[in-house]
Amino acid sequence: MKTDLVEIFQTIRASLQPYAAKGFAVRNNTDSVYELWSEQEAEIAGKKYDEVFFVSVCILKNSVGFYFMPVYIEPELKKLLQPDLLKLLKGKSCFHVTKLSDELLNHLVNALETGFTLYKQKGWV
């Protein structure tokens with residue numbers, strides 16, 4: 001069980017990095033923030049965008065934020081997420097992680113794959 005915020009951030013960032021090779025652009029990559037964006041044009045709720053945010057991880061004051069846009073775009077995806085992960089959801093798309101177990105990391109990895117599948121189906125990657 002990881003409780004150090006820097007260690008949690010680095011672990012989650014490592015699970016995001018393979019998605020840069022799957023078609024997402026890295027927008028921010030520092031010691032405390034890592035962001036991935038789709039640079040494909042998208043239409044969401046009738047509005048057109050030149051790019052779409054996918055996911056980021058950042059060190060906050062008391063937790064690590066895991067910002068996951070797929071659950072904002074398609075709220076139905078929450079039904080596919082594990083209850084342990086959903087407990088960490090604050091607002092519409094930010095999960096606040098203070099402790100990272102192997103099980104919770106697996107839940108995050110599964111969520112990423114679900115979100116990637118959604119973006120792929122929509123032609124955003």
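A search of the whole structure finds 11 aromatic pairs. One of them joins Tyr19 and Phe54 in a tilted arrangement, with 6.1 Å between centres and 50 degrees between planes. The structure is a predicted model. This briefing covers its aromatic groups, one helix pair and a few single residues.

**Aromatic groups**

- Tyr19 sits in the loop between helix 1 (5-16) and strand 1 (25-29), while Phe54 belongs to strand 5 (residues 52-59), so their pair ties together parts that are 35 residues apart in sequence.
- Tyr19 and Phe54 are both buried.
- The angle of 50 degrees between the planes of Tyr19 and Phe54 is neither under 30 degrees, as for stacked rings, nor over 60, as for edge-to-face ones, and therefore the pair counts as tilted.
- Tyr19 and Phe54 also belong to one aromatic cluster, together with Phe24, Phe66, Phe68, Phe95, Phe116, Tyr119 and Trp124.
- Phe116, a member of that cluster, has a charged partner: the charged end of Lys22 sits over its ring, 5.0 Å from the ring centre.

**Helix 1 against helix 4**

- Two packed helices are described by the angle between their axes and the distance between the axes.
- Here the axes of helix 1 and helix 4 (residues 102-121) come within 10 Å and cross at roughly 30 degrees.
- That angle makes helix 1 roughly parallel to helix 4.
- The crossing of helix 1 past helix 4 is right-handed.
- On the helix 1 side, the meeting residues are Thr11, Ile12, Ser15 and Leu16.
- Helix 4 meets them with Leu105, Leu108, Val109 and Leu112.

**Leu108, in helix 4**

- Leu108 has its place in helix 4.
- Its relative accessible area is 0%, so Leu108 is buried.
- Beyond four places in sequence, Leu108 is in contact with Ile12, Phe66, Leu85 and Leu100.
- Among these partners, Ile12 is in helix 1, and Phe66 is part of the aromatic cluster.
- Phe68, also in the cluster, lies 40 residues from Leu108 in sequence and 9.8 Å from it in space, C-alpha to C-alpha.

**Gln10 and Cys58**

- Gln10 is placed in helix 1, and Cys58 in strand 5.
- Gln10 counts as partly exposed because its relative accessibility is 42%.
- Cys58 counts as buried because its relative accessibility is 11%.
- The two residues are 48 residues apart in sequence, with 9.5 Å between their C-alpha atoms.
- Asp31 is 21 residues from Gln10 in sequence; C-alpha to C-alpha, the two are 8.4 Å apart.
- Not counting residues up to four places away in sequence, Cys58 touches Phe9, Ser32, Val33, Ser63, Val64, Gly65 and Tyr67.
- Strand 5 thus recurs in this briefing: Phe54 lies in strand 5, and Cys58 does as well.

**Ile44 and Ala45**

- Ile44 lies in strand 3.
- Leaving aside neighbours within four places in sequence, Ile44 contacts Tyr49, Val52, Ile73 and Trp124.
- One of these partners, Trp124, belongs to the aromatic cluster.
- Ile44 and Leu77 are 33 residues apart in sequence, and their C-alpha atoms are 15 Å apart in space.
- Ala45 is in the loop between strand 3 (42-44) and strand 4 (47-49).
- Ala45 counts as exposed because its relative accessibility is 84%.
- Most residues other than glycine have a negative phi.
- Ala45 has a positive phi of about 50 degrees, although it is not a glycine.

Conventions:
Residues are numbered from 1 along each chain as its sequence is written. This is a predicted model: local features need pLDDT of at least 70, side-chain atom pairs count only at pLDDT 80 or more; totals for chains, interfaces and linings use all residues. Side-chain values use heavy atoms; hydrogens and water are left out. Helices (H or I, at least four residues) and strands (E, at least two) are DSSP runs, numbered from the N terminus. Buried means under 20% relative accessible area, exposed over 50%, partly exposed in between (1.4 Å probe, protein chains only). Contact means heavy atoms within 4.5 Å. Rings of Phe, Tyr and Trp (its six-membered ring) pair if their centres lie within 6.5 Å; planes under 30 degrees apart count as stacked, over 60 as edge-to-face and the rest as tilted. A charge sits over a ring if NZ of Lys or CZ of Arg is within 6 Å of the ring centre and within 35 degrees of the ring normal. Axes are lines fitted to C-alpha atoms, for helices over the stretch in contact, and angles run from 0 to 180 degrees between N-to-C directions. Angles under 35 degrees count as roughly parallel, over 145 as roughly antiparallel, 65 to 115 as roughly perpendicular and the rest as oblique. A crossing is left-handed if the near helix is turned anticlockwise from the far one by less than a right angle, and right-handed if clockwise.
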